[in-house]
Amino acid sequence: MSIWWSLHLRREAASVPLARRLLLGAMETAGVDPDISYDLSVALSEACANAVEHGGDAVSGSASGAYRVTAYLDGEKCRIEVADSGPGFPARRAHRNAVPARTGWLPEHGRGLGLIEQLADHVHFRNRPGRGAVISFDKILKWREGALLKVS
């Protein structure tokens, strides 16, 4: 058994905890280890907050719009994708998939992306010219005893 869901959310601050709670509820019901669930929920919150703040229509400069969150819990992995319609990631971030060295200091902008890189096992930043940005990340799951989706 696997769980898959997708949300189309307005670019409003209230959408961030909604996405986080849905992910946490699905992972708790499935039996995912609470520490893994917490890491993924923080990473999702950062990705959603980034979409809310930066994911608007680059052409019109509109603060309105929506973004999409998709999550897959399947087997031993959870994959999450957040897509917006903003101007995209800076070129240096879009082409970088390696986890940065822990320097203890990050610039004012981009801390959330660095946090996602630290919490997830794999992170991919992608620009869709004229259509926005996508961040996808995944993490290997650990399961509680008696979990519903636990891989045998």
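**Exercise 1.** How much space lies in the largest cavity, and which residues line it?

*Solution.* The model worked with here is a predicted one. Begin with the count, which comes to one cavity of 30 Å³ or more. The largest cavity holds about 50 Å³ of space. Next, read off its lining, which is made up of A47, N50, A51, V82, A83, D84, F89, L113, A133, V134 and I135. Turning to the elements behind these residues, α2 (34–54), β3 and β5 are the ones that give two or more residues to this lining. Finally, sort the lining residues by class, and nine prove to be nonpolar, one polar and one charged.

**Exercise 2.** Work out which strands pair with β3, and in which sense.

*Solution.* Take β2 (residues 66–74) to start with: seven bridges join this strand to β3, and the two run antiparallel. Within this pairing, R68 stands opposite A83 of β3. The connection between β2 and β3 is a hairpin with two residues between the strands, and G75 in the turn has a positive phi of about 65°. Then take β5 (residues 132–140), which pairs with β3 over seven bridges, again in the antiparallel sense. Here the bridge partner of A83 is V134 in β5, and both A83 and V134 belong to the lining of the largest cavity.

**Exercise 3.** Explain why strand β3 (residues 77–83) is described as largely enclosed by the rest of the structure.

*Solution.* A residue is called buried when its relative accessible area is under 20%. Five of the seven residues of β3 are buried, and the strand is therefore largely enclosed by the rest of the structure.

Technical notes:
Residues are numbered from 1 along each chain as its sequence is written. This is a predicted model: local features need pLDDT of at least 70, side-chain atom pairs count only at pLDDT 80 or more; totals for chains, interfaces and linings use all residues. Side-chain values use heavy atoms; hydrogens and water are left out. Buried means under 20% relative accessible area, exposed over 50%, partly exposed in between (1.4 Å probe, protein chains only). Helices (H or I, at least four residues) and strands (E, at least two) are DSSP runs, numbered from the N terminus. Two strands pair if DSSP finds at least two bridges between them. On a 1 Å grid over the protein atoms alone, a cavity is a set of points where a 1.4 Å probe fits but cannot get out, and a pocket is an open set with protein on both sides within 12 Å along at least five of seven lines; lining residues have an atom within 4 Å of a point. Grid points are joined across faces, edges and corners, and a volume is the space filled by probe spheres set on the points. Ala, Val, Leu, Ile, Met, Phe, Trp, Tyr, Cys and Pro count as nonpolar, Asp, Glu, Lys and Arg as charged, and the others, Gly among them, as polar.
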